[in-house]
Amino acid sequence: MEIRPITPRYAVSPQITVEDVPAIVDAGFVKVICNRPNTEVPVDMQSDAIGQAVRAAGLEYEVLELTHQTMTPENVTRQRDLAENCTGPVLAYCASGTRCSVVWALGQCDRMSTDDILEATTKAGYALENLRPTLDQIRGSTD
């Protein structure tokens with residue numbers, strides 16, 4: 001498991017397993033968000049199996065399956081709400097962590113500059129410069 005912090009309260013990771021849950025607990029996360037559709041993974045890595053282990057460890061677990069087609073403004077808002085409506089740090093995961101980074105970036109346009117958003121994702125290992133025009137467009141509509 002590779003946890004990549006974007007902010008002190010929001011980190012992303014490639015696919016996690018049931019065996020990773022103790023390390024997630026030890027890292028201080030209070031919620032895990034699954035952004036990976038079940039159709040992409042074998043049964044033992046699907047959201048039901050991971051969610052059961054996460055909840056058994058005392059953490060919150062949410063599922064918001066994201067694909068290119070479902071990266072809608074509504075789902076961006078939902079992800080931000082899921083990440084912010086808890087008492088501590090959140091770990092979001094997908095195949096590589098990229099979707100979790102993109103949905104976070106899209107949800108910050110009314111709070112951060114495009115440069116600051118891209119700097120945060122780049123520091124976490126996700127080069128999202130190709131997202132700049134979209135971020136700028138969203139930022140322009142929130143001014």
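**Close-up views of two pockets and a sheet**

**View 1. The lining of the second largest pocket mixes three classes of residue.** That lining divides into 5 nonpolar, 4 polar and 4 charged residues. The model shown here is predicted. The second largest pocket holds about 160 Å³ of space. Its lining is made by 13 residues. Closest to the centre are Tyr 10, Ala 83, Glu 84, Trp 104 and Gln 108. Two elements, α3 and α4 (98-106), each give two or more residues to this lining. The largest share, 5 residues, comes from α3.

**View 2. The largest pocket has a volume of about 200 Å³.** Which residues are the closest to its centre? They are Val 76, Thr 77, Leu 106, Gly 107 and Ile 138, out of 12 that line the largest pocket. Two elements give two or more residues each: α3 (73-84) and α6 (132-142). Helix α3 supplies the largest share of this lining, with 4 residues. Sorted by class, the lining of the largest pocket has 6 nonpolar, 4 polar and 2 charged residues. How is such empty space found? Rolling a probe the size of a water molecule over the atoms shows where space is left empty.

**View 3. Five strands form an open sheet.** The sheet has 5 strands, and its pairing is mixed. Read across the sheet, the order is β1-β2-β5-β3-β4. Why is one side of β1 and of β4 left without a neighbour? β1 (4-5) and β4 (60-63) stand at the edges, and each has a single partner strand, so one side of each has no neighbour in the sheet.

**View 4. Strands β2 and β5 pair side by side.** In general, strands of a sheet pair through backbone hydrogen bonds, either parallel or antiparallel. Which way do β2 and β5 run? β2 (residues 10-13) and β5 (residues 90-93) run parallel. They are joined by 4 bridges. Look for Ala 11: its bridge partner in β5 is Leu 91.

**View 5. Helices α2 and α3 lie across strands of the sheet.** Start with helix α2 (residues 47-56). This helix lies across β3 (31-34), β4 and β5. Helix α2 runs at about 160° to β4. Now turn to α3. Which strands does α3 lie across? They are β2, β3, β4 and β5. Helix α3 runs at about 160° to β3. Recall α3 from the pocket views: this helix gives 4 residues to the lining of the largest pocket and 5 residues to the lining of the second largest pocket.

Terms used. Residues numbered from 1 in each chain as written. Predicted model: local features only at pLDDT ≥ 70, side-chain atom pairs only at ≥ 80, totals over all residues. Heavy atoms only, no water. 1 Å grid on protein atoms, 1.4 Å probe; cavity = no way out; pocket = protein on both sides within 12 Å on 5 of 7 lines; lining within 4 Å. Points joined across faces, edges and corners; volume = space filled by probe spheres on them. Nonpolar A, V, L, I, M, F, W, Y, C, P; charged D, E, K, R; others polar. Pairing = 2+ DSSP bridges. Contact = heavy atoms within 4.5 Å. Axes fitted to C-alpha atoms, helices over the stretch in contact; angles between N-to-C directions.
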